[in-house]
Each structure stands twice: as structure tokens, then as C-alpha cells.
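Q: Could you take me through one strand of this protein up close, and then show me what surrounds it? I'm new to this, so please go step by step.

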Amino acid sequence: MTLLAVEDVGKRYRLPRQSLLSVAPEVQALDGVSFTLQAGRSLGIVGESGSGKSTLARLVMALETPTRGRVLLDGADLHALDATALRRARARLQMVFQDPYGSLDPRRTVLQTVAEPLAVLRGAGKAEQRERAAEMLAAVGLRAGDLGKYPHEFSGGQRQRIAIARAFVTRPELIVADEPVSALDVSVQAQVLNLMQDLQERFGVTYLFISHDLAVVELVCDEVLVLQHGKVVERGHPHEMFRAPQHAYTQRLLAAVPGR
């Protein structure tokens, strides 16, 4: 079953005017991007900085509006929904950000952080919030006793586990992971990736996994899509694509990976 469909999506940004009388220039961040993602699968989006990966993530999360095209969740255009319907849809979508230090509010306890989506998107009461937050902390390898602590009391890897618990607490169907391990030590990256794979098996979640690290994508994704200058240049199974890339841009990305 197709959970997510991106149809001919484009996104332009208007840049500051060079002078008062000049026309504001535009930059094309995405240009005609289309793909589908089946429920329970993982699709990796790779490309260099400026290729459009994070812009695509924001459009899928309905944090920005495309200049053209549609983003469909279960056939419903996210950007055509009214405020009430979009709020319901957002309970089915969550995001894990790159920086576990910047994505957690240092003034809020772990309980407040993890339970916030339940309060905002589900209207859950205090007892349910605490129960579900404790369950998710256990699922990511932390303890219920950590609920009263603050982010500065944890390591980087533990903070990312807290961020993952927050993303999973509403039982979403789709999680957009934007460079979720790039800010972590190499020794911790594998632990977090293994955790994400375990949670996918347990909850049946679908991943849109954005990364510049081809080895990470090859490890966790069923398919990979390569973006260059906002356009899709290649798509396929990661093992096959990385063994015999067809597009020159994919070949250059692989050539830049140490040990390949």
C-alpha cells in the first residue's frame, strides 16, 4: 500500500533584492520531484549539500508549501487540507532532526519533551502522557526514572534516543529522519541506527531517511533516491545502485566515500 506519494513537486525561494528597483531573484530548490513510498518501507534520499534534501523533508512534513505539485498521505493532499484536517494528519507524521542538542529544549524535562506531541496532537491527559512517555523511554533503551531529568544530563546518543522517543510516542505511520546520526560519534551511530531498525520492526513505521552518508543509507534503506540540484537523477535498491551506479553524479558521490 502506498503511504506517501510526491507528485511533480517543485519549490522556489525568492532571494533578497539586489537593489530597491531590481526584481527579486529566485532559486529553484526542487524541480519536478516524484516518488512513492510503500507503508513499512524505508526510502533514503541522498545528495550533496544544496541538493534539496532538507527542502523535500519540510514539504513532506507540511512545514512549507510547494510551488507546484502535490504531497499525498494516503491519497490526501497535505497542502490542500484545512487546519483541522492537517492537525489530524500531523499526528501521523513525525520528524527526527540532525542535532540532538539543538532539537531538545534545555528548559523542559524529558517527560515534557516526549509527551508534548501527545498533548498537542492527541489531547492526551497527564496520566496517559506519563504512561506513554515511560513506555517509549523503555523502548529506546532509557529508564522511566529519566523522565524528570533535563537534556544536559544525557550524552549525545542518549539525547537522540529521547528525540526518537518523542517522534514515536504518537505511534506515527511516517517518520522523516533528517541526518539523524550525522552529529553523533561514529561509535554511537551504529547503536542509534540499530535502534531505529528495531523500532521499525516493532511498530511497522515507514521511514523517509535523509542523509549525505551513503553507507548509512545502504544499511537501513530498502530503496534510495539520488537528488542533484533539486532533481531526481537515479533511484533503485541501494546495494545494486552503489555497486553499479548508472548516473555520473551517483558515481562521483560514491567515489568520494573512503574505502570504496
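A: Find Ile45 first: it stands opposite Ile210, a residue of strand β8. Keep in mind that this is a predicted model. The Ile45–Ile210 pair belongs to a join between strand β3 (residues 42–46) and β8, where four bridges link the two strands and they run parallel.

Now look at β7, which also pairs with β8. Here too the sense is parallel, this time over five bridges. One pair to look up is Val176 and Leu208, with Leu208 being the partner on the β8 side.

So how enclosed is β8 itself? Strand β8 covers residues 206–210, and five of the five are buried, so the rest of the structure largely encloses it. "Buried" here means a relative accessible area under 20%. Follow the side chains along the strand and you'll see them split into two sets: Thr206, Leu208 and Ile210 point one way, while Tyr207 and Phe209 point the other way. Both sets are buried.

Let's follow the residues Tyr207 and Phe209 outwards. Phe209 sits in the largest nonpolar core, which has 49 residues. It is one of the members that touch the most other members, a list that also holds Val114, Leu137, Val140, Ile164, Phe168 and Leu199. Tyr207, for its part, is in contact with Phe168. Leaving aside neighbours within four places in sequence, Phe168 also contacts Met136, Ile175, Leu199, Phe203 and Val205.

There's another core to find as well. It is separate from the one above, has 29 residues, and includes Leu4, Ile45, Val71 and Ala89. Notice Ile45 in that list: it's the residue that stands opposite Ile210 in β8.

Phe168 leads us to helix α5, where it is among the buried residues, along with Ile162, Ile164 and others. Twelve of the helix's 13 residues are buried, so you can picture α5 as mostly covered. The buried ones aren't just nonpolar, either: Arg159, Gln160, Arg161 and Arg166 are among them. You can also do a quick check on the length of α5. At 1.5 Å a residue, a helix with the 13 residues 156–168 should span 18 Å, and the end C-alpha atoms are 19 Å apart, which agrees.

Just past α5, look for Arg171, which forms a salt bridge with Glu135, with 3.7 Å between the closest N and O atoms. Glu135 lies in helix α4 (residues 126–139) and Arg171 in the loop between α5 and β7 (174–178), so this pair ties together parts that are 36 residues apart in sequence. Are these two buried or exposed? Neither, really: Glu135 is partly exposed at 35% relative accessibility, and Arg171 is partly exposed too, at 34%.

Salt bridges turn up elsewhere too: a search of the whole structure finds 16. One of them joins the side chains of Arg12 and Glu26, at 3.0 Å from N to O. Arg12 is in strand β1 (residues 2–14) and Glu26 in strand β2 (residues 26–38), so the pair ties together parts that are 14 residues apart in sequence. Like the Glu135 pair, both are partly exposed: Arg12 has a relative accessible area of 38%, and Glu26 has 41%. There's also a network of salt bridges linking Asp8, Asp31, Arg68 and Lys231.

That brings us to the sheet that holds β1 and β2. It is an open sheet of four strands in the order β2-β1-β4-β5, and the pairing is antiparallel. β2 and β5 (76–77) are at the edges, each with a single partner strand, so one side of each has no neighbour in the sheet. Strand β4 (residues 68–73) is joined to β5 by two bridges, and Leu72 is found opposite Asp77 in β5. Helix α1 (residues 53–60) packs on this sheet, where it touches β1, β2 and β4, and its direction makes about 120 degrees with that of β1.

To pull it together, go back to β8 one last time: β3 pairs with it through four bridges, β7 through five, and its five residues are all buried.

Notes:
Residues numbered from 1 in each chain as written. Predicted model: local features only at pLDDT ≥ 70, side-chain atom pairs only at ≥ 80, totals over all residues. Heavy atoms only, no water. Expected span 1.5 Å × (residues − 1). Buried < 20%, exposed > 50% of the residue type's maximum accessible area, 1.4 Å probe, protein only. Salt bridge = Lys/Arg side-chain N within 4 Å of Asp/Glu carboxyl O. Core = buried A, V, L, I, M, F, W, Y, C linked by side-chain atoms within 4.5 Å. Contact = heavy atoms within 4.5 Å. Pairing = 2+ DSSP bridges. Axes fitted to C-alpha atoms, helices over the stretch in contact; angles between N-to-C directions.
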